[in-house]
Amino acid sequence: MSVTSDFIDLSDHDNFVDAVPYVALARLRHEDPVHWNPERTGRGFWAVTRYEDIRAVHRNPEAFSSEIGGTSLEDLEPEHVEARKSMIDMDPPRHDELRALVNRRFTPKAVGVWEGQVRKVVREVLDRALPMGEFDFVREIASEIPMQVFAEILGVPQEERREIIEIGDRLLGNADPEFAVEADDDSHRHLPFSSPAALDMFAFGRRIAEERRHSSREDIMSDLVKAGLTQREMDVYFVLLATAGNETTRHTISHGLVALTEHPEQRELLRSRYAELGRSATEEILRWATPVHHFRRTARYDTELGGREIMAGDKVTTWLVSGNRDEAMFQQPDRFDVSRQPNPHMTFGPGGIHHCLGAHLAKLEIRVTFEDLLSRGVELELVGPPERLRSNFFNGIKRLPVRVIR
Amino acid sequence: MKVHVDMNLCQSHGECVAIAPDVFELGDDDMLVWQEEVPDDRRADMEAAANACPMMAIRLED
């Protein structure tokens, strides 16, 4: 099918390589906020780019299903959707049952208990990285912190932590040629992210689950083992926890460093008043980074959105990365402002039953990371442009070469 | 009116507590506790709380 539209093709990963296409997204918000985007290899989809419309979709899981067709843009056969779906790709009631298994471990108070461990992880990661003088910030710091925290929480032994990071890279970078393994091979469509690396992640999760089966702990994996999930449910649950909690926080920390480097006056303001501004700066870094560009829903029945008629079965994509820059919601949305308040960003979702489970944990990690980094009397300088992931889904940074200045 | 909260979904974000601290409260272990019967003149607040809940866990019934 030929694509004839003078709007950006949001299905084309190449349109996200140089930068997030903010100008093209703003044009969609202004000229065609519920836009039909034809696809070269698919049946096309609605692209929803205004804050209020995105919120309406996410808060109406009756009309906009996560389960029919899943939450990624790619069209899959129903049996593939079924085989690889975690709770993120489910509707009530099963979604709610699965989420309830771990929900109480991610409340503000439950997460607050981990603050000491998060501070320790951050301190150790920075102590090890900064003396290198010149290094890749993604590899040494941004990927290391969330993975170490995740490993701490799941009880993954220290010597196995690098392995899980590498599996995660292969799993999630599947649209990027650097990480893709047999990317055009159809035989992996039943796996999360259509990636064979999912099998390695399953195996990793099974090892931990097996240990908890023999000796239960007061932790998430023990909760899941006790819940009597099927093997497949267990596998995809682990992949969800490992990916949703890791890659997103990693990219947010990387984008946070870039933003603070490019806005030195904001960095100095934050450094001088961290106790007061640490929380608002964290929210602004989250808004600025938006590590997940979009999510997909599928219309369960004929409905209406922003004046457009949506037909049952239509794919509806909600561009959080656009909602976070919507001038109707944010004053001067293209300004990075560490004291911005209020800041109702939709980086964790705009509210709804799929609102990010790990939101409080992510905020804690980001706040502590920059607090520590800005209090060490050194500066990190970018020595090359950030290398971006080729993906219309993740706003990812693969490499970020930095140098320490004293 | 009656206020229902689905505790499978509630994650103690506390948005409802900020809007109506006399109806919603975070108790021990951050568990939400709330009044199930609320006078009708509080409808606006209850609707605001339901709308603010990130988890859409609050449901109102007449």
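Which residues of α8(A) are buried? The answer is A:E144, A:I145, A:P146, A:M147, A:Q148, A:V149, A:F150, A:A151, A:I153 and A:L154. Keep in mind that this is a predicted model. Helix α8 spans residues 144-154 of chain A, and 10 of its 11 residues are buried, so the helix is largely enclosed by the rest of the structure. A residue counts as buried here if 20 or more other C-beta atoms lie within 10 Å of its own. Just after α8(A) comes A:G155, with a positive phi of about 75°.

Move on to the sheets of chain A. Strands of a sheet pair through backbone hydrogen bonds, either parallel or antiparallel. One open sheet has 5 strands, in the order β1-β2-β8-β5-β3, and its pairing is mixed. At its edges stand β1 (34-37) and β3 (64-65) of chain A, each pairing on one side only. Look at the β3 edge. β3(A) runs antiparallel to β5(A), residues 294-299, and 2 bridges join them. Here A:F64 stands opposite A:A299 of β5(A).

A helix belongs in this picture too. Helix α2 of chain A, residues 51-58, lies across β1, β2 (45-48), β3, β5 and β8 (315-319) of chain A. Its direction is at about 125° to β8(A).

Chain A also has an open sheet of 3 strands, ordered β4-β12-β9, with antiparallel pairing. The edge strands are β4 (134-136) and β9 (379-382) of chain A, and each pairs on one side only. On average, neighbouring strands of this sheet are turned by 35° against each other, direction ignored.

Take the pairings of β12(A) in turn. With β4(A), strand β12(A), residues 401-405, pairs in the antiparallel sense over 3 bridges. A:E134 has A:R403 as its bridge partner in β12(A). For A:F135, the bridge partner in β12(A) is A:V402. β9(A) also runs antiparallel to β12(A), and 4 bridges join them. In this pairing A:L380 stands opposite A:V404 of β12(A).

Next comes a pair of helices. Where do α13 and α15 of chain A meet, and at what angle do they cross? Helix α13 covers residues 247-262 and helix α15 covers residues 274-289. Their axes come within 9 Å and cross at roughly 100°. That angle falls in the range of 65 to 115 degrees, which makes α13(A) roughly perpendicular to α15(A). From α13(A), the contact uses A:H251, A:T252, A:H255, A:G256 and A:A259. From α15(A), it uses A:I285, A:L286, A:W288 and A:A289. By type, the residues of this contact are 5 nonpolar, 4 polar and no charged.

Now turn to chain B. Strand β1 of chain B, residues 2-5, shows two faces. The covered face holds B:V3 and B:V5, whereas B:K2 and B:H4 form the uncovered one. β1(B) runs antiparallel to strand β4 of chain B, residues 58-61, and 4 bridges join the two. B:H4, on the uncovered face, stands opposite B:R59 in β4(B).

Finally, the chains meet. How many residues of chain B are in contact with chain A? There are 9, and they touch 15 residues of chain A. On the chain B side, the residues that touch chain A divide into 4 nonpolar, 3 polar and 2 charged.

Terms used:
Residues numbered from 1 in each chain as written. Chains lettered and ligands numbered in written order. Predicted model: local features only at pLDDT ≥ 70, side-chain atom pairs only at ≥ 80, totals over all residues. Contact = placed C-beta atoms within 7 Å. Nonpolar A, V, L, I, M, F, W, Y, C, P; charged D, E, K, R; others polar. Pairing = 2+ DSSP bridges. Axes fitted to C-alpha atoms, helices over the stretch in contact; angles between N-to-C directions. Buried ≥ 20, exposed ≤ 12 C-beta atoms within 10 Å, placed from the backbone. Parallel < 35°, antiparallel > 145°, perpendicular 65-115°, else oblique.
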